Every structure is written in C-alpha cells, then in structure tokens.
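Me: I've got a two-chain model open and I'd like a close look at one part of it, the nonpolar core. Could you walk me through that part and what surrounds it?

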Amino acid sequence: MKIRAASLHLGTLLFASSFFSTVEGQQRGKSAPPQSSKPEPVYAEIGKAPERARARRNPLEKDPEAVAAGRILFGQRCAECHGDSAEGGKKGPSLRAVEIRNAEPGAIFWILTNGVVRKGMPVWSKLPEPQRWQLVSFIKSLGTASTNDDKGVLRP
Amino acid sequence: MLLRKSLIAGSLIFFSAGSFPLIAQAQESPYFVAYDHYLEEPGNLEIEYFSTYGTQRGGNDFHSFWTEFEYGATAWWTTELYLDGQTTFGDSTIFTGLRWENRVRPLKQEHFINPILYVEYEHKNGADKILKEGEGHDVEADFLTPNAVARQERINELELRLILSSTFKGWNFTQNTLAAKDLSNSPWEFGYALGASRPLALKASAKRCTFCRQNFIGGVEMYGGLGYRHHFGLHDTSHYAAPVLGWNLPSGWTLRISPGFGLNDNSHQFLLRWGVSREISGFGTMVGRLLRGRR
C-alpha cells in the first residue's frame, strides 16, 4: 500500500515537473524573436544533415500541385508552431530565414523526417514520404519575411 | 454513482473539445491494441473514446468502453490517463478502473527500427473487460464471473512494453512485446501485439478534402497472451486478429473501427471496436496561460 502511494506521488511529481518545464519552455520561446542575427538552434540542426541526405533531390520538384498540397499540409501540421505564414511562432522559428532558403531540399526533408526531438520538434516520418516532399516544396517556395510573395497557408 | 459521475465528466470534457479554437488535423494510427513509435506532438492533448462489443460463450455479451487523455509532455515523452468501464448485458454497468501510461522515445533520430519504452500503471478491478492487451493465460471463460463478484478483486498492475516500429514505403510495421505484473505476489505475465498499416494514398491532395484517400489508413493487428514466467508459451492463451481502419478528418476528429476475430477456442469469437478522438493543439500553452494569467 505504501509502495503504491509512494509511486503515485513520485509519478505525479515527475509529470508535474515535466509539464511545467514544457510550458516554461513554450513561454520562453514566445518571447524569442522569430528572426535574429544569432542563428536559432534549429537552424544549426540543418547543418547536421548527413551528406547523403543533403544530396537527395526532391522527386516532386516538377509536380505542379506539390506546393499547393504542401501549403495545406503546412496549415494542418506546422502552422501551430511556425506561424500561419511560416514567419515563426510561439514554439518554432521562422521558415523564411535565409538559412532555410539556402538549405538543400534534402536537408529540410531530413529535418522533417528526424525532427529535433530533444528541442521540441517532433518526428514527422508519420507523414508518408511524398507528403514530406510536398512540404519541402512549399517551404522552399516561401519568400523572405520582407517580401509578401506567398499566399499564406490554410489552417484546418 | 462513481460511474455516472465519471461518464458525465468524461462526456463534458470530450464534447467541450469542440469549443477549443486550435484543433489540429491528426495523423493517428488506426491501431487499437498495438502501438507504433509516433508520440503525441508536444503540448497537444488528444481526447479519445473507445468502445468494444464482445461476444461471450456461456454468458452474456458485453460492451466495454474507455476514455483516454493523451498529452504530449515533450517530443520524446507522451503521457496518458485512461478511465475504463463496462456493461455486461443482463448484469450491470460498472466503472472498472484507471490506467496511467507513459511512452518514451530513447533515440533522437529515426532509424529503420525505432524503439519506444512503455510503462503503465493499472489500478482496476477484476471486472475489467476492455481487452486493451492480451497477456498471460487470459481466456474467454475468465469473463463469466458476475460483475458483483468480479469487481471485488482489486488489481494493481505494472505493464512494460518494448515497442519496435518501422516505416517503409508508406507502410508501418510494429511489434510490441509486453510483460505485466500484478503488484501483489504474482508472476510476470507476457503478451504480444503486431500491427501493419498504410494510408490509402501517400501523396496529399492539392485541395482540402474530407474523403481523400490519404485521410484513410487501413491495416491489420494481431495480439494475444504468451503465458507467464513459470508457464511460458501459447498453451491456454487467447489470440485475436483484427482488420483496422482509421479516418483522419480535416476538422481534427479521427474515427476508427475494427472487427476482431478470436483465433482459438480460448478467445472471444467476435470483438467489434470503434473509437472517436479529437486533438487539441497548444493545450499546454493554454493551461500555462491560465495558471500564469494572460499577459
């Protein structure tokens, strides 16, 4: 009985501490500017993509519907963290940054597939490969924060 | 009384989910028993209701049900609370207990096979019939005990699983090995669950749609017991095979259905499962704001 009560207390404490540290992290992320001269840690993650992953070509590069489909997927999966227009949000950095524009499609695909789990970005390999490439097509089609050359995204 | 209160509270929470402004489209797996390696997105809460109708030879059929609150604490840890109940036709409707489940992703990146560690604490009574796992020598005849008697048995159980899951060319293959121990002086019991599933289309449509093939995920799962520590094997165990179908709606709702079939004489002949769930984005942030006050 005592063991059960103790394990319940311990579990509750563990859950509460992690929950509040998550919320704390989210609050901290809120005040961070979406684009700053200092590279965001997640941009550094792009540099960690292996050479083989970077070299992969987007098989949907010439698919005329890939960007439109990617825009819908972005609204459904990514906009909550990265902002409705990918300008950066409460939890995720801007995807209009120069680091993203200059990144190889294969590196962005690699980040989507592996996530940045220890820093809060989930693994998106649950989306089938073609859908991840559609997302890459959309992200690569985005302009910079100073230009308004995209049509925004659709929220679910 | 407790059951009625729990059901009312559960229903209120579930249906109030519709009033949350941020609803994410889920990409949920269609499995009922097996788990794959995908965790809840951090800060999101998924509220789920599941139901199982089961046939019973030599007794009355039953309808068991449970509500799950699944929260993505971090990108590598998902925690979940279950409230379970059941109706045995011609007998009674009772609350059968609660479960607290945790799934942890130990590896940072995707691999061909991805392990997930699972720990669950169950506080339930002997009338529990949700059949969320197959373990030990659980057989159909165990469910013949009347509710009034079965509920007297108190069970505090620890369940551990090793989930090994892989995604290849749009297919997900998962294998769960489980070990469960009643915290009283009982031996470890073992079980397994296997699953395979795939979306009906791999490319997303360029138009927003409800009935697109990519919103449907079909598959099959199989699960059963493997005896216990001193009597390991398939002898006197029950096993099931069940096709599964999940439908992820753009509105954030997910519907699942699965007709299951007993594979031997120790198993219920037929189990019909269905479930409905809704995912709420940014739940952690909302709670954080409530606790800290809006700024």
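To get me started: among contacts in chain A between residues at least 6 apart in sequence, what percentage join residues at least 24 apart?

Reply: Keep in mind that this is a predicted model. Your opening question has a quick answer: 75% of those chain A contacts join residues at least 24 apart. Chain A has seven helices and zero strands, so to speak a run of α-α-α-α-α-α-α from the N terminus on. Of its 156 residues, 42% are buried.

Now the core itself. The largest nonpolar core holds 45 residues, and those touching the most other members are Phe74(A), Ile108(A), Ile111(A), Leu135(A) and Ile139(A). Two or more residues come from each of helix H4 (66-82), helix H6 (105-114) and helix H7 (129-141) of chain A, and also from strand S1 (45-54) and strand S2 of chain B. H4(A) gives the largest share, ten residues. If you want one residue to click on, try Ile139(A): leaving out residues up to four places away in sequence, Ile139(A) touches Leu95(A), Ile100(A) and Ile108(A). There is also a second, separate core of 25 residues, which includes Phe50(B), Ile116(B), Tyr240(B) and Leu271(B).

Since chain B strands turn up in the main core, the contact between the chains is worth a look too. Here 41 residues of chain B are in contact with 36 residues of chain A. On the chain B side, strand S2 (62-74), strand S3 (77-88), strand S6 (154-168) and helix H3 (283-292) each supply at least two residues. H3(B) has the largest share of that side, with four residues. Sorted by class, the chain B side that touches chain A comes out at 18 nonpolar, 17 polar and six charged residues. S2 of chain B therefore appears in both lists, giving two or more residues to the largest core and at least two to the side that touches chain A.

How far can you lean on all this? The model scores ipTM 0.86 and pTM 0.84. Chain B has a mean pLDDT of 91, with 91% of its residues reaching 70 or more. Among the elements of chain B, strand S8 (residues 189-199) has the highest mean pLDDT, 98, while helix H1 (residues 2-16) has the lowest, 50. As a rule, predicted coordinates should not be read in detail where pLDDT is low.

Note on methods:
Residues are numbered from 1 along each chain as its sequence is written. Chains are lettered from A and ligands numbered from 1 in the order in which they are written. This is a predicted model: local features need pLDDT of at least 70, side-chain atom pairs count only at pLDDT 80 or more; totals for chains, interfaces and linings use all residues. Two residues are in contact if their C-beta atoms, placed from the backbone, lie within 7 Å. Ala, Val, Leu, Ile, Met, Phe, Trp, Tyr, Cys and Pro count as nonpolar, Asp, Glu, Lys and Arg as charged, and the others, Gly among them, as polar. A residue is buried if 20 or more other C-beta atoms lie within 10 Å of its own, exposed if 12 or fewer, and partly exposed in between; C-beta atoms are placed from the backbone. pLDDT is the predictor's confidence in each residue, from 0 to 100. A nonpolar core is a set of buried Ala, Val, Leu, Ile, Met, Phe, Trp, Tyr and Cys residues joined through C-beta atoms within 7 Å.
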